Amino acid sequence: MGALPVYRWRLAPDGYATRRQLRARGLRPGGQPVAAQLERPRRRRGPLVAYLYRVDLAKPVRPMTPARWAALAEANTARRICPTCRRDAGYVIPTSLGECALCAYPEHAAA
């Protein structure tokens, strides 16, 4: 495969889209290779790069099945459980702390 065509920001021809643009249309790349590249110049740094896919080769997004919805709900619930005190924190526990705020900062807990 040769080099990818490179387009400047906002100058890509019709028929190409980023992953997010495909998703907004209810599509996914579907295993196709990257078709082109979009570059946005920046001062004092390298350009921002976005990969483009062909819209005509994109496939529809797979529908969520009841089992996938259940697995997603279970994963989101697990992100709320503190590994230290095993309680539901009521929010997604930050990965920077690794535990709920009460366990991470016990000195600030109400006495």
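**Exercise 1.** Is Tyr16 buried, partly exposed or exposed?

*Solution.* The model is predicted. Step one is to take the relative accessible area of Tyr16, which is 24%. Step two is to apply the cut-offs: buried means under 20%, exposed means over 50%, and partly exposed lies in between. Tyr16 is therefore partly exposed.

**Exercise 2.** Determine how the rings of Tyr7 and Tyr16 are arranged.

*Solution.* The structure holds one aromatic pair. The ring centres of Tyr7 and Tyr16 lie 6.0 Å apart, and their planes meet at 45°. Planes under 30 degrees apart count as stacked and those over 60 as edge-to-face, the rest being tilted. The pair is therefore tilted. Tyr7 is itself partly exposed, at a relative accessible area of 22%.

**Exercise 3.** Identify the strands at the edges of the sheet, and explain what this position entails.

*Solution.* First, write down the strand order: the open sheet of four strands runs E1-E4-E5-E2, with mixed pairing. Next, consider the ends of this order: E1 (6-8) and E2 (16-17) each have a single partner strand, so one side of each lacks a neighbour in the sheet. Finally, examine the pairing of E2: it joins E5 (residues 45-54) in the antiparallel sense over two bridges, and Ala17 stands opposite Tyr53 in E5.

**Exercise 4.** Describe the surroundings of Gln37.

*Solution.* Begin with its location: Gln37 belongs to strand E4 (residues 36-42). Its relative accessibility is 15%, so Gln37 counts as buried. Its side chain makes a polar contact with the side chain of Glu39, at 3.0 Å. Leaving aside residues up to four places away in sequence, Gln37 touches several residues, among them Tyr7, Val49 and Leu52.

Terms used: Residues numbered from 1 in each chain as written. Predicted model: local features only at pLDDT ≥ 70, side-chain atom pairs only at ≥ 80, totals over all residues. Heavy atoms only, no water. Pairing = 2+ DSSP bridges. Phe/Tyr/Trp six-rings, centres within 6.5 Å; stacked < 30°, edge-to-face > 60°. Buried < 20%, exposed > 50% of the residue type's maximum accessible area, 1.4 Å probe, protein only. Polar contact = N/O pair within 3.5 Å; in protein donor to acceptor, adjacent residues only side chain to side chain. Contact = heavy atoms within 4.5 Å.
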